[in-house]
Amino acid sequence: MSLLREPAIAEAVPVLLQEIAAHRDPETGLYETFLLPTDDPTDYPLVIYDNVLVWAAFRAAADLLRSRGADAEGVCWEAERLAEAIRRHGIVEGPEGPMWAWARDRRGQWELREEPPGSLRLLAYYGFCDPGDPVYRNTVRWLASPANPYFFPGPFGGPGSPHFPFPGVFDLANRLLTDPDPGILEVVRRAPLDGGLACESIDPQTGIVRTGAAMASLAGFLAWALWGRLRGHRRFFEGRLR
């Protein structure tokens, strides 16, 4: 918390909130982007995962402002308003029933998609919805089903994306954070990856690197998720997936 007393950091929070406000779509109340988590451009600028990330950022900003004795009421109100807009515009009818869309546009068109670097699996981990919520459960089932054109079955199978048409190692980290199945630990243990280093995607049959060799930022995320699963993230599952 002492970092918040550094002038440059203390000034950054309200500046960032102003920057985010410039991207709000007045028609839907959602925030828009032009790049997906894979850095590919999007045809549907109102990405649901990104909006949940903004919602989580508002909640974090409110905590930071309160810790400095500043007024956080406006940020809290915006987080609540955004959550309502996400639920109003983000739920669509999918193959498994009502589920979270990946993204939509202002005309009401939407797409089903998964991007492991910014997975819909993480909506529950961020606390936006309950892991037992039917919409979330339907979404997770779709991610790992033949209905998802970028799901790749196999011993090291999982969802990929148009950016990398192979199972994403990001998905291994996401599952460590959200999947109560203990088998995910064995999959991570056995996966060769890139000579033991995290990589963007792997072969669904062999677990060997296919794209994005030796990805340092992903290595940190995977190690953090694995450590958390072994040390404490299990509390996420207790009593919440019934």
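Two strands count as paired if DSSP finds at least two bridges between them. In this predicted model, strands E2 (residues 91-94) and E3 (residues 97-100) clear that bar, running antiparallel over four bridges. One of the partnerships puts glutamate 93 across from proline 98 in E3. The link from E2 to E3 is a hairpin of two residues. E2 also has two distinct faces: Val92 and Gly94 point one way and are buried, while Ile91 and Glu93 point the other way and are not.

A separate bit of pairing gives an open sheet of three strands, ordered E1-E4-E5 and antiparallel. Strands E1 (46-47) and E5 (110-111) sit at the edges with a single partner strand each, so one side of each has no neighbour in the sheet. Between E1 and E4 (residues 103-104) there are two antiparallel bridges, and here leucine 46 faces arginine 104 in E4.

On the helical side, leucine 17 is a handy residue to look at. This leucine belongs to helix H1 (residues 7-21). Setting aside residues up to four places away in sequence, leucine 17 touches Phe58, Ala61, Leu65 and Val75. With alanine 61, the sequence gap is 44 residues, yet the C-alpha atoms of the two are 8.4 Å apart.

Then there is the question of open space. Rolling a probe the size of a water molecule over the atoms shows where empty space is left. The largest pocket holds about 240 Å³. Its lining is made up of Ile20, His23, Tyr31, Glu32, Thr33, Asp50, Leu53 and Val54. Helix H2 (residues 48-67) supplies the largest share of that lining, with three residues. By character, the lining splits into four nonpolar, two polar and two charged residues.

Which residues have a positive phi without being a glycine? Aspartate 39 is one of them, with a phi of about 75°, and leucine 193 is another, with a phi near 55°. Most residues other than glycine have a negative phi. Both of these residues lie in loops, aspartate 39 between H1 and E1 and leucine 193 between H7 and E8. Their surroundings are another matter: aspartate 39 counts as exposed because its relative accessibility is 58%, over the 50% cut-off. Leucine 193, at 8%, falls under the 20% cut-off and therefore counts as buried.

The loop that holds leucine 193 is also home to proline 192, between helix H7 (183-190) and strand E8 (201-202). Is proline 192 buried, exposed or partly exposed? With a relative accessible area of 33%, it is partly exposed. Leaving out its neighbours within four places in sequence, proline 192 makes contact with Phe156, Thr206, Gly207 and Ile208. Isoleucine 202 is ten residues from proline 192 in sequence, and the C-alpha to C-alpha distance between them is 8.9 Å.

Finally, the cysteines. How many disulfides turn up in a search of the whole structure? The search comes back with zero. Cysteine 129 is buried, at 11% relative accessible area, and cysteine 199 is buried as well, at 0%.

Terms used: Residues numbered from 1 in each chain as written. Predicted model: local features only at pLDDT ≥ 70, side-chain atom pairs only at ≥ 80, totals over all residues. Heavy atoms only, no water. 1 Å grid on protein atoms, 1.4 Å probe; cavity = no way out; pocket = protein on both sides within 12 Å on 5 of 7 lines; lining within 4 Å. Points joined across faces, edges and corners; volume = space filled by probe spheres on them. Nonpolar A, V, L, I, M, F, W, Y, C, P; charged D, E, K, R; others polar. Disulfide = S-S within 2.5 Å. Buried < 20%, exposed > 50% of the residue type's maximum accessible area, 1.4 Å probe, protein only. Contact = heavy atoms within 4.5 Å.
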